[in-house]
Number of protein chains: 2
Amino acid sequence: MSGINEKIVIDFEPISRRVNFLENKTIYEILIKMAISVRSLCGGLGTCGKCRILVQKGQEYLNSPEASEKKIINTTDLKKGWRLACKTKINNDLIHIIEKKKSPQFRILLPDEFILEDFKILTSGTNKGVELNPAVKKLYLEVQKPSLDKPIPDVERILSSLTSLDNNFSEEKSITFDFRIMKDIPHVLRESNHKITLTFWNNNTVIDIEPGNTVEENYGIAFDIGTTTLVGYLINLYNGKTYSVASKLNSQTIYGEDLITRITYIKDNIKGLQELNSAVLHDLNNIISKTCSKANINPSHIYEAVMVGNSVMHHIFLGLDPINIGLSPYIPIVKQGLNVKSRDLNFNISNQANVYILPTVAGFVGADTMGVIVSSRIEKEKDLTLAIDIGTNGEIIIGNQEFLATGSCAAGSALEGAHITDGMRAAAGSIDTVKIDPDSLNVSYTTIKNKKPIGICGSGLIDAISEMLKSNILTRSGNFNKNFLNHEKINRNENGIEFILVKKEETTLNKDIKISQHDVRELQMAKAAFYSGTRIILKYLERQLNRDLNIEQIFLAGAFGNYINKENAKFIGMIPDISSKKIFQIGNAAGIGAQNCLLNIDLRRKAEELKDKIQYIEIATKKEFQREYAESMYFPHIKHLEFFPSLEEYKNIPKR
Amino acid sequence: MSGINEKIVIDFEPISRRVNFLENKTIYEILIKMAISVRSLCGGLGTCGKCRILVQKGQEYLNSPEASEKKIINTTDLKKGWRLACKTKINNDLIHIIEKKKSPQFRILLPDEFILEDFKILTSGTNKGVELNPAVKKLYLEVQKPSLDKPIPDVERILSSLTSLDNNFSEEKSITFDFRIMKDIPHVLRESNHKITLTFWNNNTVIDIEPGNTVEENYGIAFDIGTTTLVGYLINLYNGKTYSVASKLNSQTIYGEDLITRITYIKDNIKGLQELNSAVLHDLNNIISKTCSKANINPSHIYEAVMVGNSVMHHIFLGLDPINIGLSPYIPIVKQGLNVKSRDLNFNISNQANVYILPTVAGFVGADTMGVIVSSRIEKEKDLTLAIDIGTNGEIIIGNQEFLATGSCAAGSALEGAHITDGMRAAAGSIDTVKIDPDSLNVSYTTIKNKKPIGICGSGLIDAISEMLKSNILTRSGNFNKNFLNHEKINRNENGIEFILVKKEETTLNKDIKISQHDVRELQMAKAAFYSGTRIILKYLERQLNRDLNIEQIFLAGAFGNYINKENAKFIGMIPDISSKKIFQIGNAAGIGAQNCLLNIDLRRKAEELKDKIQYIEIATKKEFQREYAESMYFPHIKHLEFFPSLEEYKNIPKR
């Protein structure tokens, strides 16, 4: 029966972990066996309902819902594929049928609230320091009382007190009150003995009036809306300090892992846009309440939110149809930064709060890239700088003081663990660094949180493949070296050739962790996407400027970019061959960009200026793309001596 | 039994008609007898439910609701006093009890939709002509299509087409799109082959996007929110023409005839403000649909509304608590003109439309007075001009090129027919002009629409009392002249002394139409309010400027001001003694002011400037007020030779 087990694989999302079927085990038991911490109060009795999962593929091969499930899950949800993990297993009767047929695919979504493990979502990064000049400011004011001699209306008395207090407000005519707070004015004035705090947005709109002095209760929140992960930073705008950070997996992953799948969902479902919009808003509101309760703050004291995200995330968040971004010539609705009232977005912060979304660039290159540019200050660099933001979608920025250009490449999610035999996201138990002894081919590795290994994450994969190259296990074309095919560490079976990284005895699942030929190809595609994208943009700029250009500095942004081994990223040919001293890991630069713009409005003006200066290059439609991409599939590149002269080890690695 | 009939009076509102009880007749039959056209489909069978009335006083003396009423009116409404006119009569069993007790009072409200007669609501006026420069402009645009070479987002392509088309839009960065229309952009662009019409507010905000060329479909609506009547003017902002006008009695009259009563209602009822706000919004939306259906226009093509109204109407319309306007020192919440989104007011016009409310002045002097100033251009007059706006509340403006001052006086609603024995609003069958032959005391009169007389309206009352003075029936103190007490036209009964204006044989109700001592007092109070108010403001200005001032010109504004006999208004001492050639009836000047501001934004800036220049004088709190008021109670004034030297006829009229 073990053959069957091997044939049947279950992809667990959004953690991107693929495991083999375990006979007679429920999904709950399989997860426990995988050492993935999941929530349950009843211990698998089917009574607590905490272990709800969504079966997205393979529903027909599962046991029918039990009575206990029908009690907890309504009929509509059952039809959609919702089950209790502790009551769901593969239908034993079907195993024989499956044996004769093509292996069925299973895809099971584990809702956020079911997974206890915190994923390694990168929330920190290089903050180059910004002066505090937020759009939202509070001012404490003692307002003159009215009299029969001076029967001045409330608003005008406030304005004249303001003028006498602060020269910034001398032109009182330009100040308006948000209509929603006007009704509160008479009561707040009279209940507070005319001592009030006003909240200004952009120095010209009064968006809150409170009794007494509350100038220190002034908060903003910066959001990074990633395709897969969402992060929120709660910041006090009075002192500039970050009070709390919270993150969450984007619930939109239920509708598709990548952007194209989500656009297709929207295209095919009348309410698709609304569903995806609600999903992300629900997540963001969830982050708001998490950050607020961590910091013990009332969400109504959050007066501004600043957002970054790629064009598709940007559009869906705003309820704008992203369909034209997915169709040639790849046109977003809007590029300029937008200011929207939180009440128009159903955001659970102050009703009068402003929501600012950074400008986008073009195509898929969105406000997140603008965030990277703003926080990395690439436009101030003398050296020609390459910045790559490595996420589910990859963005490439090339520029310096003189010019800026950008493009996006479909890097795929191999680096996030998807579609890799034993791949997984960076989480406890994932192999994150690898060393291979070239003589013995013995592997040494580390795992996150030093747990027994479960799978391999992106940085581990780059390390493993670099080391396999250095040990001659792989050739420059990415094939397994024929000389090693009989080595005890090499498996040959129906799945093709595999290198055994960790023997099953050492693993949690008691199952070998391997790097297959397929895995090598996935990594080649990902790294080729980045390298060829960089080449296309660079050549475009060279033609335009009519001179040769050389990358002098590299910024690696994004969660993955931060954990990567710089030398090995260069060694596999993902990034150009420059000194590692000039390669900087700048962390979640997009999120930092959002924070910077929250803290300082001048940076928003800067972003608006830059959006018109950045050239956008549609990489995949350039005629040289196919060739550049194919050449970049080699390790480090087909022209390795020309492009990667410093990588002397390649002299000993066979080409094919 | 006729004694009982005389004792029991019913006040019908909002038409302000008082009639005597008719035994065994239903309210419906009494109304028919009064020749007031009312709506009924079933002819009084109690089945159609069209004749719903609200009994506001005297409910306890009426028959209990019949089964047919209980079918049509729900229990809550029945408890509130809603009845069917055709089934409601005074309880016969109670007549004997009533006989022994004080006369009960009845007040019955006739809902707007029940009255078929159009009231003489003044919608026209003197429009001094304004250049067309509205805040809302439409522009037809052919937008460049996107390409792979120029993958420019939709909004930015629109902006660049705009810049190339019109130099006014060269600074494209200052243009923003109303967030609500952004989602329509991609569809409208692509469905219309990139030929679109944009609607701009204030040259900087795009508030609508439509396929094709719709530049001529650009409408605005101007509203005059009176205490008693509401008028709406639908104007095409492309050509400046008024397309239709509609008016309606203000449903707030259910909650009280005057402003103080309404403020008290709001103070005493938690949901009072909400109720009054809903009442007026419902009315205004009703006017919107009336004007639109008259002109065959889609309300979504109305992109702006401009409003005038006194401070209390202004506050209630905006949902702002007016309570502090009614308490010393009489403080409104806001003075500056306001721009509010129609969607924040639940106004049934374009969701993105702007609603502009003219600035107020102080106390009760509101945006309506600002409307009068804007439309009459009083601030450009060389002659010292007195403008009075005669409504339920009276506003006085005195000024010229040099200065402007204003105040309000509680004129009461005598001039609108209330509290006058046979008074009524200006409607079909009301006596509007009166002549009395001094020798025979024979009365000649005219009525509105030449119908048999039912009662007397404001202009008729002023005429009648002027003529009674000229005929020596009244003395200068307003008493009946003792020499005439035995004249056949004079009645003396328990109600006091009455002059019979029209004998019952000539009237619809077969009942004398009379002017009682009480009626004369009511008119004296009204005219004294205007005259003493004018005196107080004038004296205030004289002290301030340290020189004598004389009124050289008078503008009579408001519905009533338009129908009044100028000579007689002067004769009773309501307005100063100047040549009638210098007295101008300028009609609904407040409404015209709203229209002017809708047509031309420069006039809004003018209004904002003027609001800070106008002096406000709190008339009733000035220490000389009591004396001035008492002296003004005389006809024409206690100092008649000093103040009214041209009225020679007064030489022959006894003082007391």
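This briefing covers the symmetry, the interface, one sheet and the salt bridges of a two-chain model.

The model is predicted: local features need pLDDT of at least 70, side-chain atom pairs count only at pLDDT 80 or more, and totals for chains, interfaces and linings use all residues. Residues are numbered from 1 along each chain as its sequence is written, chains are lettered from A and ligands numbered from 1 in the order in which they are written, and side-chain values use heavy atoms, with hydrogens and water left out.

**Symmetry**

- A turn of 180 degrees and a shift of 0.1 Å along the axis lay chain A on chain B with an RMSD of 0.2 Å. The two copies are thus related as by a two-fold rotation axis.
- The superposition is by least squares on the C-alpha atoms of residues with pLDDT of at least 70 in both copies.
- Asp344(A) is the residue of chain A that comes closest to the rotation axis, with its C-alpha at 5.6 Å.

**Interface**

- Chain A and chain B each give 47 residues to the contact (heavy atoms within 4.5 Å).
- In chain B, 100% of the interface residues of chain A are also interface residues, so the copies meet through the same surface.
- The two chains bury about 3,500 Å² between them, 67% of it on carbon and sulfur atoms. Buried area is the accessible area (1.4 Å probe) that two parts lose on being put together, summed over both.
- Leu148(A), Phe179(A) and Ile333(A) supply 18% of the area that chain A buries against chain B, more than any other three residues.
- Two salt bridges are counted between chain A and chain B. A salt bridge is a side-chain nitrogen of Lys or Arg within 4 Å of a carboxyl oxygen of Asp or Glu.
- Asp344(B) and Arg180(A) meet through their side chains in a salt bridge, at 2.7 Å from N to O.

**A sheet in chain B**

- Four strands of chain B form an open sheet in the order E6-E8-E9-E7, with mixed pairing. Strands pair if DSSP finds at least two bridges between them.
- Helices (H or I, at least four residues) and strands (E, at least two) are DSSP runs, numbered from the N terminus.
- Strands E6 (136-142) and E7 (176-177) of chain B stand at the edges, each with a single partner strand, so one side of each is left without a neighbour in the sheet.
- Strands E8 (residues 195-201) and E9 (residues 205-211) of chain B run antiparallel and are joined by six bridges. Thr199(B) stands opposite Asp208(B) in E9(B).
- Helix H6 (residues 154-165) of chain B packs on the sheet and touches E6, E7, E8 and E9 of chain B; its direction makes about 100 degrees with that of E6(B). Axes are lines fitted to C-alpha atoms, for helices over the stretch in contact, and angles run from 0 to 180 degrees between N-to-C directions.

**Salt bridges within chains**

- Over all chains, the count comes to 48 salt bridges.
- Arg83(A) and Glu69(A) form a salt bridge through their side chains, at 2.7 Å from N to O. Arg83(A) lies in strand E4 (residues 82-84) and Glu69(A) in helix H3 (residues 67-72) of chain A, so the pair ties together parts that are 14 residues apart in sequence. Both Arg83(A) and Glu69(A) are buried (buried is under 20% relative accessible area, exposed over 50%, partly exposed in between; 1.4 Å probe, protein chains only).
- Lys611(B) forms a salt bridge with Asp612(B), with the closest N and O atoms 3.3 Å apart. Lys611(B) is buried at 6% relative accessible area, whereas Asp612(B) is partly exposed at 44%.
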